[in-house]
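Here is a short briefing to read alongside the coordinates. Open the structure in your viewer and follow along by topic.

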Amino acid sequence: MVRRPVAWVAAIVLFAEAFGIALVNWFMGIVVDRQEMSLAGLDAGMMSVSSKVAGLVFGLYFAFCGFVALRVALRDRAPAGLGRIVLISAAVVHGLLGAFTVGLVGWGAFAFMMVVFGLIVLIFMAYDRESGTDASDTVPGEGAGPGSTVTPTAPTAS
């Protein structure tokens, strides 16, 4: 059973990513403020504050995603409701960021984004929503669940 360890690893990675995103954006805000940089006449102070606020917002978002993954690991149940929506949105964000980072940062950043994307998707794949069991425990053709290939047999005459 790999579902709990995957959820634990995803939670740790998302918490680390939340801290990293907040730290990088805060650093960028300080750099812009100290160098009095301007982009097309925009106020350097406003750009600095915007960078810091964006880092805080994205950091809190990824921390919340990490909290949802941590809750999945602790309860050993699939995410539901708002948690499910948040993790799906985090998977989409990592897919898009992965696509953008190939050209802007390089293949290493793309690989990291795809690992996080894979961990989030694996959380959903490891849990069977209907029965609450591990999806890897089911055998195709057994049971009466969706997707089973059980064919009815005709009664035999004796």
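The notes below go through helices, helix packing, a salt bridge and a few single residues.

This is a predicted model. Helix 3 takes in residues 82–104, and its buried residues pack against helix 1 (3–35), helix 2 (44–75) and helix 4 (107–126). The salt bridge count comes to 1.

**Helix 2**

- Helix 2 has 32 residues, so at 1.5 Å a residue it should span 46 Å; its end C-alpha atoms are 46 Å apart, which agrees.
- Its buried residues are Ala44, Ser48, Ser51, Gly55, Gly59, Phe62, Cys65, Gly66, Val68, Ala69, Val72 and Ala73.
- The cover over these buried residues of helix 2 includes helix 1, helix 3 and helix 4.
- Asp76 follows helix 2 and has a positive phi, near 55 degrees.

**Helix 3**

- The 23 residues of helix 3 should span 33 Å at 1.5 Å a residue, and the end C-alpha atoms are 32 Å apart, which agrees.
- Buried in helix 3 are Gly83, Val86, Leu87, Ala90, Ala91, His94, Gly98 and Thr101.
- Leu82 also belongs to helix 3, but it counts as exposed because its relative accessibility is 57%, and the cut-off for exposed is over 50%.
- Between Leu82 and Val68 there are 9.2 Å in space, C-alpha to C-alpha, with the two 14 residues apart in sequence.
- Gly106, just after helix 3, takes a positive phi of about 135 degrees.

**How helix 4 packs**

- Helix 3 and helix 4 have axes 8 Å apart and pack at an angle of about 160 degrees. Angles over 145 degrees count as roughly antiparallel, so helix 3 is roughly antiparallel to helix 4.
- The crossing of this pair, helix 3 and helix 4, is left-handed.
- On the helix 3 side, the residues that meet helix 4 include Arg84, Leu87, Ile88, His94 and Val102. Their counterparts in helix 4 include Trp107, Phe110, Met113, Phe117 and Phe124.
- Helix 1 and helix 4 pack at an angle of about 140 degrees, with their axes 9 Å apart. That angle makes helix 1 oblique to helix 4.
- Helix 1 also passes helix 4 in a left-handed crossing. Arg3, Val6, Ala7, Val9, Ala10, Val13, Leu14 and Glu17 make the contact from helix 1, and Phe112, Met113, Val116, Leu119, Ile120, Leu122, Ile123 and Ala126 make it from helix 4.

**The salt bridge**

- Asp76 and Arg3 form a salt bridge, with 3.2 Å between the closest N and O atoms. The pair links distant parts of the chain, 73 residues apart: Asp76 sits in the loop between helix 2 and helix 3, and Arg3 in helix 1.
- Are the two partners buried or exposed? Buried means under 20% relative accessible area, so Asp76 at 19% counts as buried, and so does Arg3 at 8%.
- Arg3 is also one of the helix 1 residues in contact with helix 4.

**Pro79 in the loop**

- Pro79 is found in the loop between helix 2 and helix 3.
- With a relative accessible area of 5%, Pro79 is buried.
- Which distance separates Pro79 and Ile123 in space? The C-alpha atoms of Pro79 and Ile123 are 8.6 Å apart, and the residues are 44 apart in sequence.
- Ile123 is among the helix 4 residues that meet helix 3, and it takes part in the contact with helix 1.

Notes:
Residues are numbered from 1 along each chain as its sequence is written. This is a predicted model: local features need pLDDT of at least 70, side-chain atom pairs count only at pLDDT 80 or more; totals for chains, interfaces and linings use all residues. Side-chain values use heavy atoms; hydrogens and water are left out. Helices (H or I, at least four residues) and strands (E, at least two) are DSSP runs, numbered from the N terminus. The expected span of a helix is 1.5 Å times one less than its number of residues. Buried means under 20% relative accessible area, exposed over 50%, partly exposed in between (1.4 Å probe, protein chains only). Contact means heavy atoms within 4.5 Å. A salt bridge is a side-chain nitrogen of Lys or Arg within 4 Å of a carboxyl oxygen of Asp or Glu. Axes are lines fitted to C-alpha atoms, for helices over the stretch in contact, and angles run from 0 to 180 degrees between N-to-C directions. Angles under 35 degrees count as roughly parallel, over 145 as roughly antiparallel, 65 to 115 as roughly perpendicular and the rest as oblique. A crossing is left-handed if the near helix is turned anticlockwise from the far one by less than a right angle, and right-handed if clockwise.
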